[in-house]
Amino acid sequence: MNKTALITGITGQDGSYLAEFLLSKGYRVIGAIRTGRSAEDLPPFLMSSSVELVEWSMLEQFHMMEVLAEYRPTEIYNFAAYSSGAGMFDDSVGIGEVNGIAVARILEAIRTVDTRIRFCQASSSELFGEALESPQSEITPFRPRTPYGAAKLYAHSMIRIYRQHYGLFGCSAILFNHESPRRGLGFVTRKITHEAVKIKLGLATELRLGNLDARRDWGFAGDYVRAMWLMLQQLHADDYVVATGETHSVRELCEIAFERLGLDYRDYVKEDAVWYRPVEAVQLVGCSTNAKNQLGWVPEVRFREMVSMMVDADLQLLTQN
Ligand code: GDR
């Protein structure tokens with residue numbers, strides 16, 4: 001049977017990697033874009049690929065139902081969300097709507113239109129928040145510390161409830177930080193690689209960051225979307241932690257990025273309280289043993305390789321312009 005996937009958040013990092021992956025597997029890919037978004041500011045990849053675009057609003061359940069009835073997707077991947085790390089408190093109610101309630105709308109639309117549709121949600125390590133243990137797995141208690149984390153937890157809970165109560169095939173991918181050359185400039189990895197390249201090219205003189213000793217479990221976005229696809233190919237739906245199981249500090253990130261350009265980060269990087277966030281008492285680091293054993297998933301791109309890939313891509317980008 002031909003497979004059709006609907007991807008929300010198609011214009012973002014994960015949406016674009018997943019779209020490419022699914023197209024290479026012969027899927028028909030429907031990219032849901034925000035109602036009213038102008039075609040001019042869509043990423044070039046979307047304009048040149050065979051992704052079919054459809055308008056989509058996270059606030060309109062009836063419209064979601066119409067889209068599902070018209071395009072008949074066999075799989076839905078939900079990446080549409082507020083995702084800014086620094087902005088997790090910016091608009092509590094708006095975040096609750098889009099990252100939380102809207103997922104219930106999608107589940108309701110699936111239940112109404114076609115209960116065979118398989119659904120995968122981009123859930124987050126922010127569910128663990130002020131974690132009680134480290135590393136975190138699928139059975140670690142959730143203790144979100146931001147409106148963002150609380151909204152994602154609501155979505156996560158609804159997927160489990162719809163799975164149990166209605167028998168829907170819904171999975172949550174509990175994604176730890178995942179990065180790539182397509183990452184937005186507000187996230188620390190891309191901020192560092194992009195600014196380091198600007199410094200190298202004489203376009204900037206310094207880089208101001210928050211806590212250099214903050215640590216994260218950083219993986220490669222291309223690997224993480226593959227895990228999400230695998231989840232929807234199983235016999236039974238479940239939730240999985242997707243992580244590398246390793247942490248690195250922001251300082252290490254700087255070291256690798258600047259070294260790639262023949263520079264010493266200590267000459268350019270300044271800590272600035274403006275960017276500080278509270279330090280975690282317990283480290284966020286994922287245990288993806290279930291993904292490995294059940295899905296056969298292992299991350300392929302290591303940290304150093306990923307940072308180098310990002311630096312090289314930024315160098316190409318900034319020397320082209
Ligand atoms: P995060 O990502 O908040 O983990 O959320 P981000 O890249 O913003 O921060 C990672 C770590 O770096 C520290 N940091 C800085 N962060 C930013 N943005 N800017 C700085 O200058 C800076 N200096 C230090 C932060 O304190 C933090 O410890 C991401 C998002 O993708 C979420 O949507 C997703 O749910 C989680 O990852 C898992």
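The legends below describe close-up views of a predicted model.

**View A. The residues around the ligand.** The ligand is surrounded by 21 residues. Ser124, Tyr148, Arg183, Lys191 and Arg277 are the closest of them. By residue class, the shell around the ligand consists of nine nonpolar, eight polar and four charged residues.

**View B. Polar contacts of the ligand.** Two arginine side chains and one backbone atom are shown here with the ligand. In the side chain of Arg183, an N or O atom is 2.7 Å from an oxygen atom of the ligand. Arg277 also places a polar side-chain atom 2.7 Å from a ligand oxygen atom. At Gly186 the backbone takes part: one of its N or O atoms lies 3.0 Å from a nitrogen atom of the ligand. On its own, the ligand has 710 Å² of accessible area, and the protein covers 96% of this.

**View C. The ligand and the two domains.** Domain 1 is made up of residues 4-178 and 218-242. Domain 2 is made up of residues 185-217, 246-282 and 301-320. Each of these domains supplies at least three residues to the shell around the ligand.

**View D. Ser16 in helix 1.** Helix 1 spans residues 13-24, and Ser16 is part of this helix. Is Ser16 buried or exposed? Ser16 counts as buried because its relative accessibility is 5%, and the cut-off for buried is under 20%. Apart from neighbours within four places in sequence, Ser16 is in contact with Ile10, Phe45 and Arg182.

Methods:
Residues are numbered from 1 along each chain as its sequence is written. This is a predicted model: local features need pLDDT of at least 70, side-chain atom pairs count only at pLDDT 80 or more; totals for chains, interfaces and linings use all residues. Side-chain values use heavy atoms; hydrogens and water are left out. A residue is near a molecule or strand if one of its heavy atoms lies within 4 Å of it. A polar contact is a pair of N or O atoms within 3.5 Å; within protein, one must be able to donate a hydrogen and the other to accept it, and residues adjacent in sequence count only if both atoms are side-chain atoms. Accessible areas come from the Shrake-Rupley method with a 1.4 Å probe; for residues, only the protein chains shown count as cover. Ala, Val, Leu, Ile, Met, Phe, Trp, Tyr, Cys and Pro count as nonpolar, Asp, Glu, Lys and Arg as charged, and the others, Gly among them, as polar. Domain bounds come from an automatic or database domain assignment. Helices (H or I, at least four residues) and strands (E, at least two) are DSSP runs, numbered from the N terminus. Buried means under 20% relative accessible area, exposed over 50%, partly exposed in between (1.4 Å probe, protein chains only). Contact means heavy atoms within 4.5 Å.
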